[in-house]
Amino acid sequence: MDLFDVYPLNDITIVKAAGSYVWDDKGEKYLDLYGGHAVISIGHTHPHYVQRLKDQLNKVGFYSNSIKIPLQVELAAKLGHVSGKEDYHLFLCNSGAEANENAFKLASFYNGRKKIIAFKKAFHGRTSLAVAATDNPNIVAPVNQTNNVIFLPFNDESALEDAFTQHEISSVIIEGIQGVGGINVAADSFLQKIRSLCDQYNAVYIADSVQCGHGRTGKFYSHDHSSVNADIYTMAKGMGNGFPVAGIAIAPKFKPVYGMLGTTFGGNHLACAAALAVLEVMEQDKLMDNAAAIGGYLITELKKLPKIKEVRGRGLMIGIELPDELKDVKKNLLFKHKIFTGEAKPNVIRLLPALNITKEEADMFLKAFKLEAGIE
Ligand SMILES: Cc1ncc(COP(=O)(O)O)c(C=O)c1O
């Protein structure tokens with residue numbers, strides 16, 4: 001059997017990884033500022049993470065949600081503490097799309113409505129409603145099409161107000177910083193406006209924090225920069241440092257009912273061990289402070305450079321928009337300088353490194369970037 005060929009691949013096979021580095025099968029070492037798409041939060045093969053997973057695997061790897069799993073309770077308490085949302089409740093699942101799917105569902109159960117507001121350039125996943133709320137017709141199959149999703153321009157307060165007066169809105173979903181869309185930061189006032197309209201109309205504010213959450217921006221949720229509380233935070237990527245685990249943090253006003261949400265694998269023993277290890281390392285090594293410091297440094301240095309169209313982002317979620325003549329910089333960083341970065345169309349380099357990246361590693365990137373961009 002061959003693989004179903006849906007991914008355009010780089011001709012690289014990674015066989016070893018540690019911290020912010022990966023090695024290929026030829027022994028070549030790469031600096032990883034992509035983290036497998038914002039997934040590697042505490043660095044590859046972090047010793048505490050590896051040990052916690054090994055220990056857990058030797059005890060019990062999996063059992064379903066038909067028995068008590070104290071690790072889930074421990075994880076909820078830790079997440080509440082580290083994120084500052086102690087009074088929220090946690091539902092565990094397996095991927096970012098599934099987290100968003102559950103958030104839409106919960107919102108609709110809560111207020112009995114159907115309409116969802118999403119924004120231009122949003123990406124929320126590839127399952128049924130998540131993909132319907134994603135602004136990319138190429139990945140929406142006919143069966144996913146629905147008239148329940150209303151797309152509005154990002155950061156446009158009056159369009160938002162109009163939509164609330166014209167429709168019965170169930171929920172508004174927004175990435176605090178759009179990732180796939182090219183690192184677009186939601187304005188503080190825009191998020192505050194979403195909050196007040198949701199309050200006024202009893203709609204649900206869903207903060208898709210799958211990419212911009214888990215400390216990446218220097219605060220646990222990127223929405224924290226704007227001093228707003230969402231009703232539901234969805235999370236995945238950095239949550240398990242590579243172990244597939246996701247969740248939704250749910251405000252206290254939502255009341256659970258048996259059977260309302262569910263999943264076979266969600267919150268299994270190994271997934272909880274991975275998510276706990278991530279939070280323990282984040283807390284102990286003060287990784288949110290590091291994300292703010294190194295991210296701030298990178299953004300400041302990049303903003304000084306000529307030729308670049310725009311530098312956007314917060315903390316370690318950075319977009320560098322390049323003019324057309326520099327469109328090969330990303331490819332050259334990878335193949336000439338052995339540095340992984342992410343991308344977004346058109347011509348945006350995305351930096352999504354581990355939260356414990358060092359200043360030396362940031363400088364390695366800056367040096368190679370300037371060389372490739374023909375600066376200095
Ligand atoms: C903001 C955002 N939401 C949701 C998803 C979907 O996550 P997953 O691929 O785990 O389903 C992604 C993935 O890139 C994302 O960036």
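1. Let me start with the open sheet: in this predicted model, four strands line up in the order β13-β14-β17-β16, with antiparallel pairing. β13 (310-314) and β16 (342-344) take the edges with a single partner strand each, so one side of each has no neighbour in the sheet. From one strand to the next, the twist averages 25°.

2. If you want to check the register here, begin with β13 and β14 (residues 317-321), which are joined by five bridges in the antiparallel sense. A handy marker is G313, which stands opposite I318 in β14.

3. What lies across this sheet? Helix α9 (residues 287-303) lies across β13, β14 and β17 (348-351). Relative to β13, helix α9 runs at about 170°.

4. Strand β10 (residues 204-208) deserves a look of its own. Five of its five residues are buried, so the strand is largely enclosed by the rest of the structure. In a regular strand, side chains alternate between the two faces of the sheet. For β10, both faces are covered: V204, I206 and D208 are buried on one side, and Y205 and A207 are buried on the other.

5. Which strands pair with β10? Strand β7 (residues 169-175) runs parallel to β10 and is joined to it by five bridges; within that pairing, E175 has D208 as its bridge partner. Strand β11 (residues 232-235) also pairs with β10 in the parallel sense, here over three bridges. I206 has I232 of β11 as its bridge partner, and I206 is also one of the buried residues of β10.

6. Now to the ligand, which has 14 residues around it. The closest are S95, G96, A97, G125 and V210. Helix α4 (residues 96-111) gives the most to this shell, contributing three residues. Sorted by class, the shell holds seven polar, five nonpolar and two charged residues.

7. Finally, the overall picture. The protein has 11 helices and 17 strands. Its radius of gyration is 20 Å, close to the 21 Å that the globule rule gives for 376 residues, so the protein is as compact as a globular protein of that length. Along the principal axes, the C-alpha atoms fill a box of roughly 55 × 55 × 45 Å.

8. Two percentages round this off. Of the 376 residues, 48% count as buried. Among contacts between residues at least 6 apart in sequence, 73% join residues at least 24 apart.

Conventions
Residues are numbered from 1 along each chain as its sequence is written. This is a predicted model: local features need pLDDT of at least 70, side-chain atom pairs count only at pLDDT 80 or more; totals for chains, interfaces and linings use all residues. Helices (H or I, at least four residues) and strands (E, at least two) are DSSP runs, numbered from the N terminus. The radius of gyration is taken over C-alpha atoms; the globule rule is 2.2 Å times the number of residues to the power 0.38. A residue is buried if 20 or more other C-beta atoms lie within 10 Å of its own, exposed if 12 or fewer, and partly exposed in between; C-beta atoms are placed from the backbone. Two residues are in contact if their C-beta atoms, placed from the backbone, lie within 7 Å. A residue is near a molecule or strand if its C-beta atom, placed from the backbone, lies within 6 Å of it. Ala, Val, Leu, Ile, Met, Phe, Trp, Tyr, Cys and Pro count as nonpolar, Asp, Glu, Lys and Arg as charged, and the others, Gly among them, as polar. Two strands pair if DSSP finds at least two bridges between them. Axes are lines fitted to C-alpha atoms, for helices over the stretch in contact, and angles run from 0 to 180 degrees between N-to-C directions.
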